[in-house]
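Please open the model in your viewer and keep the selection tool at hand. The tour below goes from one selection to the next and says what is to be found at each stop.

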Amino acid sequence: MSDKYRVVIVGAGVVGSSIARVLSMYENFDITLVEKEPDVGWGASKANTSIVHPGHEEEPDVHPLRAKLCVKGNEMWRTWAKELEIPVTFPGELMVFTNDEEEKKAREYIKLARLNNVPGVRIIYQEELRVLEPNIAREAKGAVYAPTGGLISPFEAVIAVVENAVENGVKLMTETEVLGVKVSEGRVKGVETNRGFIEADIVINAAGLYSDKITHSAGVELNFQVKPRKGEYLLFDEDIPVKPTRVLHTTPTPITKGVYAITTVHGNVLIGPTAEDLPIEAKGDASTSVKGLDYVYQEASKLLREMPPRSRVIRTFAGLRPEPPGGHWLIKAYSDPWGFVNAAGIRSPGFTSAPAIAEYVANLISETFDIKLVKKTNWNPYRRDITRLNNRPLSEIDELIKKNPAYGEIVCYCKTVSKAEILEAVDRMIKTGIKTITLDGLKFRTYAGFGMCQGAFCRWRIAKIVSEKLGVPLYDVTVKRTKYGIGDVKTLWVERKG
Amino acid sequence: MKTLEYDTVVIGGGPAGIAAAIKATELGLKTILIENRDLLGGIPLQCVHTGFGLHYFKEDLTGTQFVTRLLDKLEKLRVEYLLKAHVHSIEYLDYDKKLVNVVTPQGVVRILTKTIIYTTGARERHLYEIGVVGDRPDGIYTAGEAQTLMDIYGIMPGREVVIIGSGDVGLIMARRFALEGAKVKAVIEILPYPGGLMRNVMQCLRDYNIPLLLGHTVVKVVGKKRVEKVIVAKVDENFKPIEGTEFEIPCDTVVLSVGLRPYLKVLEKLGIHIDPATGGPVVNEYLETNIPGVFVAGNALVVNDLVDYAVEQGELAAEGAKVFIENKGIPTKNWKLVEKGRNIRLVVPHAVSGERDVIIYARVANPERNVYVQIPELGFRLFSYGVRPAEMIWFKLRKDMFSKLGADVNKITLEVKPR
């Protein structure tokens, strides 16, 4: 046994993954990142508004940690995105108001911005608003402009962070559900999982929606409960005429929490979310509803001068965000049981704050457990993105094909994705430690199936590439959680005879 | 990067594209056909059912047989084609010079051409654009995807199937599933009449005792990992679900057959004008778009219900390319717009010259019995016992019919009137 602390991080969402990356910088730890889903980032990290928040919506006296770490996280993503080649832009955010009451409310965010040291936040009116956002709705009166507001590809961010963490020695275990934390003699001993017991000296709870269950099993914070809050979204095609230039947000009021309209880093228009509090038992219910989607569509029309028609919707989805009591994040390291750490109930602005939360957790661990952190000399901060054809000049595409003819086989027409990109994504998934290659996982890595046809043209082609690469029958390829088919066409005849 | 030169580049190797490439070659044009997949033939390759070629070959063939006949002809004429070739982009240089950028496993090929015939077909509409809500589990397939799986790769998507939409592909797939031993629980159609051809309703549903629920919609898909059930409800006259009429159908598979849309991604980037009614381009009687020398045929032009029409359009576009090249542009100066009158949902072409015979393709908005399909300006009138949105109206306007039309008349109107 080495003299390193064995760390288990529960949950490979953006928080757990970021903690894994930050801890991988140090010699002190031997880290295992454990995820119950087949892939990383499939919880709240995937289904959100994809915003890097400026940090002017957090009240510092009520949520000091949220206020501090959001502003810091916004800064840190700029570095992380460069190091890890994550698609990100910083177009700035406009919190739009349409009447006096909203304007009054909006002005309060200017105050918060000042208290939180969010740079450049100010009120703008008609003319400037229309310069900054030519596609703003007619009824918009003005807005709170927060120039540091950004947009990120949330699922790719988690993938990139995990790939880099694994490069730096972290071990990923997918489809591994933590059933409980084992504590004995005042110390954590490890975690019980569906795949057996994993020994650990330090257990970090980053289980999002399920982080209450994990902390209860460690015997601390027994009153802590995480409730699911549902957010529904509509995602539109890239090729629509009027798209938001900035991050557009309706002013949150005591009645509504505000709806966003953005152009994602991939060029699609995204509107949402609703904010519906579900009962604690409903942690698996990410269903969409007519009511929710209609509401989002109607609210977003206050932001854009022309709404894309519903016929240009390419996907509707919902995400469940963890909502802790009072909206308070629970970030704490415990000396009883020694070795247990909560990064629990991380609700919005959790994505934005994740890198800062990770640093904060690293410091907590160092202080609480009296560990003198020693930086690795060979830690690699860089991760290269998949080599993509989309938006690449023809001459470069030609060169890529000369090196690897698989770049010349286009499998996804909508997003111009080649066979080579699919194969690279499969290789990376295997290298990262993902047990099951899913078509959904490939979609999030390559964008194949992300376009107007939603995979009707390309799903079977991609499945076929996976089938050939892994040497499994086409019907055995996993879509998201189940197989693509039930067998060959004779299957049911055989079953009937049997 | 290699640069080649052709008179016409045909993009898309399905029936319309094959027919266009054959015709263009026969007309003496230097032609190349570009296909993304590793074989020519397009969608009919996966159509093991009959119903193909009644008009064109005067025989009832399977899709595979139909397209094989076309391909035999193509090979005999030694028409050039590229497989595994994806059209990345088109650059418009001049009215008779376009650059087609093609990505192939051998590298990027640039093709300089006078004309383009675009025959890339249609895409299937998906669950989200028709507004079905609920969970997003595995086990949801478009009808075409299910057909590819079953009849190209021989794999079975699921056991208990609900089909949303009664388009032709959905009806055909209902029968295919039933034939392979799956239980097809229902075909659900929001409209009060079926979306596909009547012959398919009879041969694919009635003959296999598959229930067709007209005036119903799926209000919710339910399933944690794979589809577990769908919630179905009756709809009112505005297609809104009627509260209290909901019921569940347990199933593990949902197949969508909710219509096709012309797939024109590359052309849209070129600034082509789209007709919202067809979802395809606005074209004249040669099937030329607003971009000179760019022609569109087959399902990329308008969703056809017979492959025979797609082939006919491909040939017409090739003739158009020939006229375009010979005259350095389509010589017609005086176009007459074809307008949509009573109960006409769509009509193609959008402009005619009156200088030659022309075929009109149209669809009605609503089913109607005992009607005249007519163009008052031409004194043209056709009796029909019944028109249905699912069945394309097809007729030929002879050149001499236009002689009655005054030179100053710049439009004709197609309409459906009760007898």
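In what follows, two strands are said to pair if DSSP finds at least two bridges between them. The model on your screen is a predicted one, and that should be kept in mind at every stop.

**First stop: a hairpin in chain B**

Select residues 216-222 of chain B, which are strand β16, together with residues 229-234, which are strand β17; the two run antiparallel and are joined by six bridges. Between β16(B) and β17(B) lie six residues, and the two strands form a hairpin. To see one of the bridges, pick B:Val222, whose bridge partner in β17(B) is B:Lys229.

Now add residues 247-250 of chain B, strand β18, which pairs with β17(B) in the antiparallel sense over four bridges. Here B:Ile231 is the residue to pick, and opposite B:Ile231 in β18(B) stands B:Glu248. As you look along these strands, it helps to remember that in a regular strand the side chains alternate between the two faces of the sheet.

**Second stop: the domains of chain B**

Colour chain B by its domain assignment, which gives domain 1 as 1-124 together with 259-331, domain 2 as 126-258 and domain 3 as 332-419. The C-alpha centres of domain 1 and domain 2 of chain B are 31 Å apart. Where these two domains of chain B meet, six residues of domain 1 are in contact with 15 residues of domain 2. The side of domain 1 of chain B that touches domain 2 of chain B is made up of one nonpolar, three polar and two charged residues.

**Third stop: a helix of chain B**

Select residues 307-327 of chain B, helix α7, which has 21 residues and reaches 30 Å from its first C-alpha to its last, close to the 30 Å expected at 1.5 Å a residue. Is α7(B) largely enclosed by the rest of the structure, or largely open? Of its 21 residues 15 are buried, so α7(B) is largely enclosed by the rest of the structure. The count rests on a cut-off, under which a residue is buried if 20 or more other C-beta atoms lie within 10 Å of its own. Just after this helix, select B:Lys328, which takes a positive phi of about 50 degrees.

**Fourth stop: a five-stranded sheet in chain B**

Next, show the strands of chain B that form an open sheet in the order β24-β22-β29-β26-β27, where the pairing is mixed. Its edge strands are β24 (351-352) and β27 (380-387) of chain B, each of which pairs on one side only. Strand β26 of chain B, residues 368-375, runs antiparallel to β27(B) and is joined to it by seven bridges. Within this pair, B:Gln374 stands opposite B:Arg381 of β27(B).

**Fifth stop: each chain as a whole**

Zoom out to chain B, whose secondary structure comes to seven helices and 29 strands. The C-alpha trace of chain B spans about 65 × 60 × 40 Å along its principal axes, and its radius of gyration of 22 Å agrees with the value near 22 Å that a compact globule of 419 residues would have. Buried residues make up 53% of chain B.

Turn then to chain A, which has 13 helices and 24 strands. Its radius of gyration is 23 Å, close to the 23 Å that the globule rule gives for 498 residues, so chain A is as compact as a globular protein of that length. The C-alpha trace of chain A spans about 65 × 55 × 50 Å along its principal axes, and 55% of the residues of chain A count as buried.

**Last stop: where the chains meet**

How many residues of chain A are in contact with chain B? There are 49 of them, and they are in contact with 45 residues of chain B. Among the elements of chain A that each supply at least two residues of this side are α7 (290-300), β19 (313-323), α9 (394-403) and α12 (459-470). The largest share of the side, six residues, comes from α9(A). By class, the side of chain A that touches chain B divides into 24 nonpolar, 14 polar and 11 charged residues.

Finish by selecting β24(A) and residues 155-156 of chain B, strand β12, which pair in the antiparallel sense over two bridges. The bridge partner of A:Gly487 in β12(B) is B:Met156.

Technical notes
Residues numbered from 1 in each chain as written. Chains lettered and ligands numbered in written order. Predicted model: local features only at pLDDT ≥ 70, side-chain atom pairs only at ≥ 80, totals over all residues. Contact = placed C-beta atoms within 7 Å. Nonpolar A, V, L, I, M, F, W, Y, C, P; charged D, E, K, R; others polar. Rg over C-alpha atoms; globule rule 2.2 N^0.38 Å. Buried ≥ 20, exposed ≤ 12 C-beta atoms within 10 Å, placed from the backbone. Expected span 1.5 Å × (residues − 1). Domains from an automatic or database assignment.
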